[in-house]
Amino acid sequence: MVQKDFFNEEVRSGYTITPAMKKVWACELNLLEEFFAVCNKHGLRFWIDSGTLLGAIRHKGFIPWDDDIDVVMFREDYDKLVSIAASEFKKPYIFQTAYTEKQFVRGHAQLRDTRTTAIIPLEIYKDFNQGIFIDIFVMDYVPDDEKEQIKQEWRAHRLRDKLEFRANPLRYFMNDKERLLQSIRYKIKYFTKKSFNRLYKRYEDLFRQNLASECTCVASLAWLYSSTRRDKHYYDETIYVDFEHLKMPAPKEYDKLLTAQYGDYMTPVKGTTFHGEIIFDPDTPSDVSIRMIRKDKRRIKEMFNKK
């Protein structure tokens, strides 16, 4: 639990962190603690990743302009987590995957606080819980053979394309009439025969066929097949590093990992988050926020007109 003075305005690397942002951070830290407890209980390995790992090493906590937390797990640990999540995460928490909510078409999971709001504007019309979250990415083993990689990537994109259509067919074709005319007959026929969950399992099974013993690299293939490959041996040893008031697991070879990802990672460079703008409200459930925003046509127009 964070201390009261955590919520005070603070300047890090010349960047001012407001009390409002500190409330969002506090919620994410609470989710991270909950996640850590469940993984520790079941002996599941995970590591903080990306900006979260960079923040831990450089700032001993959040990067000043960051607004989320990322963790990674190997496929075997991730699959076990998915199998026990419903019994381990209770309200106000919700463990979210494509199996739990059809319009949540992501190749990773999110742990959310249902008492809060974290809406990505482009998802304002999607019907799944949009509380404040942490991202849980699964690392699959990457085939060493380049031809196998190309073949698997092609299959992955085709399946992901079908999943996107099945989750939200109208929006899938919203800006592409030619695509609609060429594809809709085939896709409607296909999706009347296969359930979303069955199709998503097929998508994940595509990556499960890569055996650890035959692969030297890992990557978040289910999230983005072209994501950066990493030497799986970076994760052979784990250390614990400071992240705000917590101690979190990190790969001992974090220097190689961060250097490959960011170059001179100890020199702060203000960037943006992958999600872009997020509408945060730590005090209001997302279903309430979504209803209010959908009624405000002017706000909707402004959101979608932003570059």
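The following paragraphs go from the whole chain to one helix pair and then to two buried residues, Arg12 and Asp77.

The model is a predicted one. Its protein chain has 307 residues, of which 50% count as buried. The secondary structure consists of ten helices and 13 strands. Contacts in the chain can be sorted by the distance in sequence between the partners. Taking those between residues at least 6 apart, 67% join residues that are at least 24 apart.

One helix pair can be followed in detail. Helix H1 covers residues 19-42 and helix H3 covers residues 75-88. Their axes come within 11 Å, and the crossing angle is roughly 115°. Angles of 65 to 115 degrees count as roughly perpendicular, and H1 and H3 are therefore described as roughly perpendicular to each other. The crossing in which H1 passes H3 is right-handed. On the H1 side, the contact is made by Glu34, Phe35, Val38, Lys41 and His42. On the H3 side, the contributing residues are Lys80, Leu81, Ile84 and Glu88. By class, the residues of this contact divide into four nonpolar, one polar and four charged.

Helix H3 also holds Asp77. Is Asp77 buried or exposed? Its relative accessible area is 8%, and because buried means under 20%, Asp77 counts as buried. Setting aside residues up to four places away in sequence, Asp77 touches Gly43, Leu44 and Arg45. For Arg45, there is also a backbone distance: the C-alpha atoms of Asp77 and Arg45 are separated by 6.4 Å, although the two residues lie 32 apart along the chain.

The other residue to examine is Arg12, which is found in strand S1, residues 10-12. Arg12 has a relative accessible area of 11%, and since this falls under the 20% cut-off, Arg12 is buried as well. Which residues does Arg12 contact, leaving aside its neighbours within four places in sequence? They are Ile17, Trp25, Gly61, Phe62, Pro64 and Glu244. With Glu244 there is a polar contact, made between the side chains of Arg12 and Glu244 at 3.0 Å.

To put the two residues side by side, Arg12 belongs to strand S1, while Asp77 belongs to helix H3. Arg12 is buried at 11% relative accessible area, and Asp77 is buried at 8%. The contacts of Arg12 include Trp25 and Glu244, whereas those of Asp77 include Gly43 and Arg45.

Note on methods: Residues numbered from 1 in each chain as written. Predicted model: local features only at pLDDT ≥ 70, side-chain atom pairs only at ≥ 80, totals over all residues. Heavy atoms only, no water. Helix = DSSP H or I, 4+ residues; strand = E, 2+ residues; numbered from the N terminus. Buried < 20%, exposed > 50% of the residue type's maximum accessible area, 1.4 Å probe, protein only. Polar contact = N/O pair within 3.5 Å; in protein donor to acceptor, adjacent residues only side chain to side chain. Contact = heavy atoms within 4.5 Å. Axes fitted to C-alpha atoms, helices over the stretch in contact; angles between N-to-C directions. Parallel < 35°, antiparallel > 145°, perpendicular 65-115°, else oblique. Left-handed = near helix turned anticlockwise from the far one by under 90°. Nonpolar A, V, L, I, M, F, W, Y, C, P; charged D, E, K, R; others polar.
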